[in-house]
Amino acid sequence: MIDRDLLARDARHVWHPYSRATAPPPLPVVRASGAYLHTPDGRAVLDAISSWWVTLHGHGHPAIAAAVAAQAAALEQVIFAGCTHEPAVRLAERLTSLAPAGLDRVFYSDDGSTAVEVALKIALQYWRIAGQDRDIIIAMEHAYHGDTVGAMSVSARGVFTAPFGAMMFDVARIPEPSSGDSLAALDALLDRDGGRCAALILEPMLLGAGGMRMYDAATLARIAHRATDAGVLVIADEVLTGFGRTGPLFACEHADVTPDLLCLSKGLTGGFLPLGATLLTSRIASTFDGRSPFGTLYHGHSYTANPIACAAALASLDLLDEACAERRDTIADAHRRGLATIRADSRVRAPRAIGTVAAFDLAGEVGYLSDAAAGLAAFALDRGVLVRPLGNVVYVLPPYCITDGELAHIYGVIAEWLDSA
Ligand code: PMP
């Protein structure tokens, strides 16, 4: 039975993300476990998108749930300006030991967007302290870095950002590698304006919300090295790709790249609680000292380094062991098999996968407002699968606990929809 009362109350008072204030009714969920969401009418729905790419190991993992409960009972929250606590320090130690060598400091924030804002602000202020007039940020076309103003500014301009032109800053754009010559554009830009460029922000290997666009490690390495050679700071936004999504723990590892700043969120807490982290080198951190009038980073959020979120993150990192890496390999294999089953369909374009993320485009109108996948989400939900195409881009991005059988079911439902459409 559909919980009509909940839906009516929801419609009266709640406004959901990425929706009109008056939108079709959402899916009520009462409980979640492993790869499944459970609805009030007793249905189990396979979460093929890790609840917006956050649920890492599976919903309700008992080890993370226990860590959250224990931390809530001990220290639920304390101001992080002037105070500290064990979970935040231990998490910083763990993250800096796991991340590419040289990223030694952690600045905590609330989510992916704020992790990006912090990286941008640190980069700009770093050059201010250094007394250099570098204020241009380089970003990729089709990038998505979040919905706050700085993160929007470095994201692709389009339907998401169109009403906010007046509040965004200009950035220098280069094509993303799968659809243009990013290196040539970067070279031209650096030749012209290199001395004024502060930072290059990129999503390593995989541009997520911009259409699950994938590119190769050699290109990533070349882009990062060109920027570094020109003295430009490299900001890697691994909000989506972090914690094994593309195979290795961080996507930068594919290319042996150590960025100057690394943005993390989403899977950081295993998908239990919001938390952002911006990792940076001690070279950058050490410039923020008392010698410069700009030596203080005036940035902080009420819930910075919330102890419960940090405890969840520590428990999640404990689960990223060898067995988890093997599971991710198994998922990658299952994606290859799944994509092979739909590859021949005349509407399927550019089937692709990297690690635990698979995607393909649908023929027809391109972009977020495309209706090429219209009906797929409802069709899949009727068959117990939650998907959320990005316009004409269909993707599968499951939690690591998903089984081969469950993945085969997801691809089966997609194939059935392709056949029926
Ligand atoms: N960066 C990337 C690469 C993302 O995919 C996202 C979210 N989809 C963000 C930043 C923003 O994260 P949040 O939604 O947690 O603010």
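This tour moves from the ligand and its surroundings to two pairs of packed helices. The model on display is predicted.

**The ligand shell**

Begin by selecting the ligand together with the residues around it: Trp53, Asp111, Gly112, Ser113, Tyr144, His145, Gly146, Glu203, Asp237, Val239, Leu240 and Lys266. Colouring this shell by residue class gives four nonpolar, four polar and four charged residues.

**Polar contacts to the ligand**

Next, show the side chain of Ser113, where an N or O atom is placed 2.6 Å from an oxygen atom of the ligand. Then turn to the nitrogen atoms of the ligand. Select Asp237, which has a polar side-chain atom 2.6 Å from a ligand nitrogen. Add Lys266, whose side chain brings a polar atom to 3.0 Å from a nitrogen atom of the ligand. With these side chains displayed, a surface view may be added: the ligand on its own exposes 390 Å², and the protein buries 83% of that area.

**Helices H11 and H13**

Leave the ligand and select residues 322–342, which form helix H11, and residues 404–420, which form helix H13. Two packed helices are described by the angle between their axes and by the distance between those axes. For H11 and H13, the axes come within 10 Å and cross at roughly 20°. Angles under 35 degrees count as roughly parallel, and H11 and H13 are therefore roughly parallel to each other. Their crossing is right-handed.

**Helices H4 and H10**

Finally, select helix H4, residues 86–98, and helix H10, residues 307–318. How are these two helices oriented relative to each other, and what is the handedness of their crossing? H4 and H10 pack at an angle of about 40°, with 9 Å between their axes, and are therefore oblique to each other. The crossing in which H4 passes H10 is left-handed.

Terms used: Residues numbered from 1 in each chain as written. Predicted model: local features only at pLDDT ≥ 70, side-chain atom pairs only at ≥ 80, totals over all residues. Heavy atoms only, no water. Near = heavy atom within 4 Å. Polar contact = N/O pair within 3.5 Å; in protein donor to acceptor, adjacent residues only side chain to side chain. Areas by Shrake-Rupley, 256 points an atom, 1.4 Å probe, with all protein chains shown as cover. Nonpolar A, V, L, I, M, F, W, Y, C, P; charged D, E, K, R; others polar. Axes fitted to C-alpha atoms, helices over the stretch in contact; angles between N-to-C directions. Helix = DSSP H or I, 4+ residues; strand = E, 2+ residues; numbered from the N terminus. Parallel < 35°, antiparallel > 145°, perpendicular 65-115°, else oblique. Left-handed = near helix turned anticlockwise from the far one by under 90°.
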